[in-house]
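Colleague: I'd like to learn how to read ring contacts and nonpolar cores in a model. Can we go through one together?

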Amino acid sequence: MKLVSILNEELIFTNVNGVSRSGIYADMLKKAQAVLGSQLDVDRIVSGMLEREDTLQIPYEGCAMPHLRAPEFDDLYIIVGVLPKPVHFKECDVAPCSLVVMSLISSDTSDLYLKSLSAMVRYLSQPGNLEKLSGVKNAAEFLEVLREANVTVRSNLVAEDVMVTGKSVLHEDDTLSTALDCFSRGDSSTIPVLDSNGRLVGELAAMDILKSFIPEYIFRMENLDFLTSFEPFNRIFQEENQHVVRDYMRTPSLTVHPETPLIQFTVKMVKNEVRTCFVIDADNKYIGEIMVKYIVKKVLRG
């Protein structure tokens, strides 16, 4: 399915007014209301969108993607606004927004919304594409840009739609000190370990490092209330530059390919209690990772 087949040319506006996030959203909804011929509670919808954005704190980078699910919506309505000049919407945003892709989602169109959003995100992730869309003069030109690029909506959500790239990675010869620095900087409790060619060879869990420095007999004890010693942590301080990742890593708990359907890897993660799985290509090269919270953020709250 082509993305242009889902978009309504009459809901693409290149004359959006407003200098604030709320003002821009309200203007787009008022314009859409005239097209849809139905009465929208603009203030309530804008308030709901702002609340979700402020709660989730997802940073925008040139394109805002507000959305709201509500029982009064009878279909999926994607409203596009091309801004006359970029506007900084939120403090956490990476860059001011020149484009707004707003979605009103009915109770039974969440699947179509997520697939459409993923198609748009994939297109905008390519250099120069945001500039192409935000530089159009009218709705027909907007659709033509997407038509020429052959932007396609997949039949299923897949790992590529949910994964995150650019996270920390380790190599087999890195010291535990380097690994601990990575854990401290990021939000992952498990970090992929790569060889010199970028192939995934293992994973390192912060829990495994801690476990290795605690005497085995302690784990066999029922009552741990008497423990007060800081000695295991002192050992880590003393030895973290003497040990390498290779000696502490384990086989990856779960790997998937970019085209693996969402339901497949979600079931595997839940069934095997895997919090992080890694996405690899056909040559076993690391591409990205999926944590349970990404599924929650991008699918259940996307």
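Modeller: Start with a charge over a ring: in this predicted model, Lys-90 lies over the face of Tyr-60, 3.5 Å from the ring centre.

Colleague: And ring against ring: how many aromatic pairs does the structure hold?

Modeller: Five. To sort a pair, look at the angle between planes: under 30 degrees counts as stacked, over 60 as edge-to-face, and the rest as tilted. Phe-213 and Tyr-248 have planes at 5 degrees and centres 6.4 Å apart, so that pair is stacked.

Colleague: Where in the chain do Phe-213 and Tyr-248 sit?

Modeller: In distant parts, 35 residues apart. Phe-213 is in the loop between helix H8 (206-212) and helix H9 (216-219), while Tyr-248 is in the loop between helix H10 (231-239) and strand S9 (255-256). Both Phe-213 and Tyr-248 are buried.

Colleague: What about Phe-230 and Phe-237: why is that pair called tilted?

Modeller: Their planes are at 35 degrees, with the ring centres 6.4 Å apart, so the pair is tilted. Phe-230 is partly exposed at 47% relative accessibility, whereas Phe-237, at 55%, counts as exposed. Together with Phe-233, Phe-230 and Phe-237 form one aromatic cluster.

Colleague: Now the cores. What's the general idea?

Modeller: Nonpolar side chains tend to be buried together in soluble globular proteins. Here the largest nonpolar core has 76 residues, and Phe-142 is one of those with the most contacts inside it. Beyond its neighbours within four places in sequence, Phe-142 touches residues including Leu-7, Val-80, Leu-99 and Met-120. Another core, of 13 residues, lies apart from it, with Leu-176 and Val-245 among them.

Conventions
Residues numbered from 1 in each chain as written. Predicted model: local features only at pLDDT ≥ 70, side-chain atom pairs only at ≥ 80, totals over all residues. Heavy atoms only, no water. Phe/Tyr/Trp six-rings, centres within 6.5 Å; stacked < 30°, edge-to-face > 60°. Helix = DSSP H or I, 4+ residues; strand = E, 2+ residues; numbered from the N terminus. Buried < 20%, exposed > 50% of the residue type's maximum accessible area, 1.4 Å probe, protein only. Lys NZ or Arg CZ within 6 Å of the ring centre and 35° of its normal. Core = buried A, V, L, I, M, F, W, Y, C linked by side-chain atoms within 4.5 Å. Contact = heavy atoms within 4.5 Å.
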